[in-house]
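Reader: Please take a close look at one part of this model. I should like a connected account of the charged side-chain contacts and of the backbone around them.

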Amino acid sequence: MKMTKVEASVEINKPVRDVFAYASDWQHWNEWREGVSNLKPTTEIERGNNARYAYKTKIAGMKFNLETEIHYFKENGGWQGIVRKGLPHKMQWVFESKAGKTKLSYILEYSPPFFLIGPLLDFFILKPGWQRMLEKTLNNLKIQLEGPPENKV
């Protein structure tokens, strides 16, 4: 089945070690991950390879119960999450150091549930919903780490 790919990036004015430490701590995910609720670990491993997390999410008005397993965890570099229960998808978080700042990329690939939604509805509804979620997630993380943007008059 063909996978649909969605990605977004943000630059955060903090060193990569600070951004990674905060972003990789599941206890903070409800603070900034858009559409994620009721998050809890489902294994004794709570950080790094083979850690699993169950959570609820809402994408484009549809609710899903998911469980994601972490792979390819590299300190200050990123990780990949593969959904083991729920809507099939995988996500990759890539952290890059850029002159004392961090470029964070969030890449998501999913298999549209064509039995529920056809290719056109995926293109016009589901994919834009995922895109908004990724962008809001990264913006929320930026605000959590830098504070709200200053109002310029």
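Author: Arginine 17 counts as exposed because its relative accessibility is 53%; in this usage exposed means over 50% relative accessible area, buried under 20%, and partly exposed in between, with a 1.4 Å probe and protein chains only. Its partner, aspartate 18, is partly exposed, with a relative accessible area of 36%. The two form a salt bridge in which the closest N and O atoms are 4.0 Å apart; the term requires a side-chain nitrogen of Lys or Arg within 4 Å of a carboxyl oxygen of Asp or Glu. The structure holds eleven salt bridges.

The model is predicted, so local features need pLDDT of at least 70 and side-chain atom pairs count only at pLDDT 80 or more, while totals for chains, interfaces and linings use all residues. Residues are numbered from 1 along each chain as its sequence is written, and side-chain values use heavy atoms, with hydrogens and water left out.

Another salt bridge connects arginine 84 and glutamate 69, with the closest N and O atoms 3.3 Å apart. This pair links distant parts of the chain, since arginine 84 belongs to strand S5 (residues 78-85) and glutamate 69 to strand S4 (residues 62-74), 15 residues apart. Strands are DSSP runs of E with at least two residues, helices are runs of H or I with at least four, and both are numbered from the N terminus. At 41% relative accessibility arginine 84 counts as partly exposed, whereas glutamate 69, at 11%, counts as buried.

A further salt bridge lies within a helix. Glutamate 146 and lysine 142 have their closest N and O atoms 3.1 Å apart, and both residues sit in helix H3 (residues 119-146), four residues apart, about one turn of the helix. Each end counts as partly exposed: glutamate 146 has 29% relative accessibility and lysine 142 has 21%. Elsewhere, salt bridges that share partners join Arg52, Glu67, Glu69, Arg84 and Lys85 into one network.

The strand that carries arginine 84 deserves attention in its own right. S5 is mostly covered, with six of its eight residues buried. On one side, six bridges join S5 to S4, and the two strands run antiparallel; strands pair if DSSP finds at least two bridges between them. Within this pairing, glutamine 80 of S5 is the bridge partner of histidine 71. The two strands form a hairpin with three residues between them, and asparagine 76 in that turn has a positive phi of about 65°.

S5 also pairs with strand S6 (residues 89-98), again in the antiparallel sense, over five bridges. Here glycine 81 stands opposite methionine 91 in S6. S5 and S6 form a hairpin too, with three residues between them, and glycine 86 in the turn shows a positive phi of about 110°.

Positive phi values also occur outside these turns. Tyrosine 72 is found in strand S4, and its phi is near 55°, a positive value in a residue other than glycine. At 64% relative accessibility, tyrosine 72 counts as exposed. Asparagine 50, a residue other than glycine, likewise has a positive phi, near 75°. The place of asparagine 50 is in the loop between strand S2 (36-41) and S3, and at 41% relative accessibility asparagine 50 counts as partly exposed.
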